[in-house]
Amino acid sequence: DCLSAALLIVKRHAHQLDIWKVTQEHGSSGYAFLSLEWALASDIDIGSEAWRWMGELRFDLYALWRLLTHWRYTGSLRLRRSSGDWQTVGGTFLMVWACNLPWLNPKTQMAPSARFSDGCADVLYIQRAPRFSMLRSFLDMSSGQHVNAEWCEYEKVSAFELVPVPRTPKQPGYVAVDGEKWPLATTRVEVLPSKLSIIGCVGDGPNRL
């Protein structure tokens, strides 16, 4: 609310926040502060637009449908660790979700190890997983325990590159950056450490910055 915002400004609780530089091979570029999504992740975010009339319920119902249908995508993911070494993962993917913050919304702690200014992007990817095991884990996204599943890979990286391949001509899939649809193309992300200052109270809960 306005009063709480005014008090934060007066107290001047400023914190540093990493941002991402995002570029694509066909010329699209920009900056992001929250996330990059592909496969299941972007299907839920962008693919559910036709269900917008349902309100927030659209995300839950669309996620349930997509977890059960278990669509598979082909592509590759290159990850640069803090040591500077690159790792390439290719083949089939069910989901790629890169996060700059631990909480995507008050119900979803997607990347529990993410920090505001650690100079890293937290990348989660799933290549193979039993659909009902995924469903059980994703029913409790607030705990962050899904990252402990044996089928969930979790990496902290200083840069990454996604090379998506269209799934089918009619349903190629989406790349989403901060919840907005981008072209389905090779997408590179570089973390720019502590480039923003934000005012707020940093904490561990979903209602904290």
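In this predicted model, the side chain of histidine 70 has a polar atom 3.5 Å from the backbone oxygen of leucine 67. A second backbone oxygen, that of alanine 129, sits 2.8 Å from a polar atom of the histidine 70 side chain. Histidine 70 itself belongs to the loop that runs between α3 (57-69) and β4 (73-80). Its relative accessibility is just 7%, and because the cut-off for buried is under 20%, histidine 70 counts as buried. Who else is around? Setting aside neighbours within four places in sequence, histidine 70 touches Leu94, Ala129, Pro130, Arg131 and Met134. Alanine 129 thus turns up twice, once through its backbone oxygen and once in the contact list.

Histidine 70 also borders some empty space, being one of the residues that line the largest cavity. Searching the whole structure gives one cavity of 30 Å³ or more, and the largest cavity holds about 40 Å³ of space. Besides histidine 70, the lining is made of Leu40, Arg66, Leu67, Trp71, Leu94 and Met134. By class, that comes to five nonpolar residues, one polar and one charged. Some names recur here: Leu67 offers its backbone oxygen to the polar contact with histidine 70, while Leu94 and Met134 are among the contacts of histidine 70.

Met134 leads on to helix α4 (131-138). The buried residues of α4 are Ser133, Met134, Leu135, Ser137 and Phe138. What do they pack against? The partners are α2, α3, β6 (95-99) and β7 (121-126). As for how such positions relate along a helix, an α-helix has 3.6 residues a turn, so residues three or four places apart point the same way.

The open space is another matter. The largest pocket has a volume of about 840 Å³. It is lined by 31 residues, of which Ile44, Phe59, Asp60, Asn105 and Thr108 come closest to its centre. Four elements, β3 (35-39), α2 (40-45), α3 and α4, each put at least two residues into this lining. The top contributor is α3, with six residues. The pocket lining splits into 16 nonpolar, four polar and eleven charged residues.

On the far side of the histidine 70 loop in sequence comes β4, a strand with two pairing partners worth following. With strand β5 (residues 86-93), β4 pairs in the antiparallel sense over eight bridges. With strand β9 (residues 159-165), the pairing of β4 is again antiparallel, over seven bridges. Leucine 77 has a bridge partner in each: valine 89 in β5 and leucine 162 in β9. The hairpin of β4 and β5 has five residues between the strands, and there glycine 84 adopts a positive phi near 95°. In a regular strand, side chains alternate between the two faces of the sheet.

Zooming out, the protein chain has four helices and twelve strands. Of its 209 residues, 47% count as buried. Taking contacts in the chain between residues at least 6 apart in sequence, 70% join residues at least 24 apart. The contacts of histidine 70 with Ala129, Pro130, Arg131 and Met134 give a local view of residues brought together from elsewhere in the sequence.

Key: Residues are numbered from 1 along each chain as its sequence is written. This is a predicted model: local features need pLDDT of at least 70, side-chain atom pairs count only at pLDDT 80 or more; totals for chains, interfaces and linings use all residues. Side-chain values use heavy atoms; hydrogens and water are left out. On a 1 Å grid over the protein atoms alone, a cavity is a set of points where a 1.4 Å probe fits but cannot get out, and a pocket is an open set with protein on both sides within 12 Å along at least five of seven lines; lining residues have an atom within 4 Å of a point. Grid points are joined across faces, edges and corners, and a volume is the space filled by probe spheres set on the points. Ala, Val, Leu, Ile, Met, Phe, Trp, Tyr, Cys and Pro count as nonpolar, Asp, Glu, Lys and Arg as charged, and the others, Gly among them, as polar. Buried means under 20% relative accessible area, exposed over 50%, partly exposed in between (1.4 Å probe, protein chains only). A polar contact is a pair of N or O atoms within 3.5 Å; within protein, one must be able to donate a hydrogen and the other to accept it, and residues adjacent in sequence count only if both atoms are side-chain atoms. Contact means heavy atoms within 4.5 Å. Two strands pair if DSSP finds at least two bridges between them.
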